[in-house]
Amino acid sequence: MGQELAECIRGPSGQLGGLVKIITENISNTEEQAVAAGLLADLPERDMGLTRQMLDEGAFQLVISRVARIRQGETRGNRFMTPYLEGLVRVLARITFVLANEPDAVAFCQEHNLASVFTELLQVAGLDNVQMVSAIALENLSHECKNLTRLPESSLPGQALEKLVANLDHTNEKVVEASLEAMSTLLEDELDIENGVSVLCEVEAIRPILDVLIEKRTETLMRRAVWVVEKLLRTDDIAYEVSGDPNVSTALGDAFQHGDYRTRQIAEHALKHVDKIPNFSGIFPNLGQ
């Protein structure tokens, strides 16, 4: 349904332009604007043709301006403000899903410093979806920095990392998942993991990450936390400190016993880092990423 709608909206009919005009019109946000923003936000985020047309027609520039005005308090809030802002942020985030194939999208992100925009949006208290989408967008920006090095070196600047760390104890698990996913881009195997760990230490992220592992709030969080913690434990100093924490060892042991095949592999390696299982276990083959 979403793809069919996207095909109807894009193209020469002018429907896309009409939607963008509605959601960016300089009036006090209305129900019509909130509905239009939600409709555009629900379209497939990886539809290259639609995103390309939005770039060509200047839609993202208009959306950024509208978000900025709302954040600066220039637009009076009402009961439609929350769905309206959520829709705008989701529309803006779609540009981060096509960076690998759209040089113009990369240039747009550089020109408008989207990493900074989404970092600020991480701080919007009480709007869980805005925080979650912002974390996902930062993850996409960080991936692009790693893959093509066409974005500035620090797609996850210190301020963004600090806000992501703060979100690790968020009451909404989806916000925590998105924040942890964004942070984990610093630890992927093709990067300098030691440097990534150092950056996370600088923003005091280690303990909050370990707490996510210990709490095991969702299956998804447990899997991602095990993956991140295994990377952290490759650093001897961290492994030494963690070896004295029975809660971490217990959480890793639970993942080793009850996780899916991949998670059990990773948990075994994590436990070996802290010498909590015999090195000769040999249950799994060598671990890739």
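**Close-up views of a predicted all-helix model**

**View 1. Cys-201 and Cys-109 differ in their exposure class.** Cys-201 is partly exposed, with a relative accessible area of 37%. It falls in this class because the value lies between the 20% and 50% cut-offs. Cys-109, in contrast, is buried, because its relative accessible area is 4%, under the 20% limit. A search for disulfides through the whole structure turns up 0. As you look at these cysteines, please keep in mind that this is a predicted model.

**View 2. The overall fold consists of 17 helices and 0 strands.** Of the 289 residues in the protein, 50% count as buried. Many contacts reach a long way along the chain: of those between residues at least 6 apart in sequence, 66% join residues at least 24 apart.

**View 3. Confidence varies along the chain, from helix α1 at the low end to helix α13 at the high end.** The protein averages a pLDDT of 85, and 84% of the residues score at least 70. Helix α1 (residues 2-9) has the lowest confidence, at a mean of 67, while helix α13 (residues 206-215) has the highest, at 96. Over residues 148-153 the pLDDT is below 50, and the model gives this stretch 19 contacts beyond near neighbours in sequence. Residues 278-289 also stay under 50, and here the model has 28 contacts beyond four places in sequence.

**View 4. The second largest pocket has a volume of about 180 Å³.** Which residues are closest to the centre of this pocket? Of the 13 residues that line it, they are Ala-41, Glu-45, Arg-90, Phe-97 and Val-133. The elements that each give two or more residues to the lining are α3 (31-41), α6 (81-93) and α9 (128-148). By class, the lining holds 10 nonpolar residues, 3 charged residues and no polar ones.

**View 5. Thr-51 is a buried residue of helix α4.** This helix covers residues 48-56. Thr-51 counts as buried because its relative accessibility is 1%, under the 20% cut-off. Which residues does Thr-51 contact, leaving aside neighbours within four places in sequence? They are Glu-45, Phe-60, Arg-94, Ile-95 and Val-98. One of these partners, Glu-45, is also among the residues closest to the centre of the second largest pocket.

**View 6. Ala-270 and Leu-271 sit side by side in sequence in helix α17.** The helix spans residues 261-273. Is Ala-270 buried or exposed? Ala-270 is buried, because its relative accessible area is 0%, under the 20% limit. Leu-271 is buried too, because its relative accessibility of 3% is under that limit. Not counting residues up to four places away in sequence, Ala-270 touches Glu-230, Leu-233 and Leu-252. Ala-270 and Glu-230 are 40 residues apart in sequence, yet their C-alpha atoms are 4.5 Å apart in space. Leu-233 also appears in a pair with Leu-271: these two are 38 residues apart in sequence and 8.8 Å apart from C-alpha to C-alpha.

**View 7. Asn-113 has a positive phi in a loop between helices.** Most residues other than glycine have a negative phi. Asn-113 is not a glycine, but its phi is positive, at about 50 degrees. Where in the model is Asn-113? Its place is in the loop between α7 (103-111) and α8 (114-121). Asn-113 counts as partly exposed, because its relative accessibility of 43% lies between the 20% and 50% cut-offs.

**View 8. Lys-216 also has a positive phi.** For this residue, which is likewise not a glycine, phi is near 45 degrees. Lys-216 lies in the loop between α13 and α14 (219-232). Is Lys-216 buried or partly exposed? Lys-216 is partly exposed, because its relative accessibility of 33% lies between 20% and 50%. The helix before this loop, α13, has the highest confidence, at a mean of 96.

Terms used:
Residues are numbered from 1 along each chain as its sequence is written. This is a predicted model: local features need pLDDT of at least 70, side-chain atom pairs count only at pLDDT 80 or more; totals for chains, interfaces and linings use all residues. Side-chain values use heavy atoms; hydrogens and water are left out. On a 1 Å grid over the protein atoms alone, a cavity is a set of points where a 1.4 Å probe fits but cannot get out, and a pocket is an open set with protein on both sides within 12 Å along at least five of seven lines; lining residues have an atom within 4 Å of a point. Grid points are joined across faces, edges and corners, and a volume is the space filled by probe spheres set on the points. Helices (H or I, at least four residues) and strands (E, at least two) are DSSP runs, numbered from the N terminus. Ala, Val, Leu, Ile, Met, Phe, Trp, Tyr, Cys and Pro count as nonpolar, Asp, Glu, Lys and Arg as charged, and the others, Gly among them, as polar. pLDDT is the predictor's confidence in each residue, from 0 to 100. Contact means heavy atoms within 4.5 Å. A disulfide is a pair of cysteine sulfur atoms within 2.5 Å. Buried means under 20% relative accessible area, exposed over 50%, partly exposed in between (1.4 Å probe, protein chains only).
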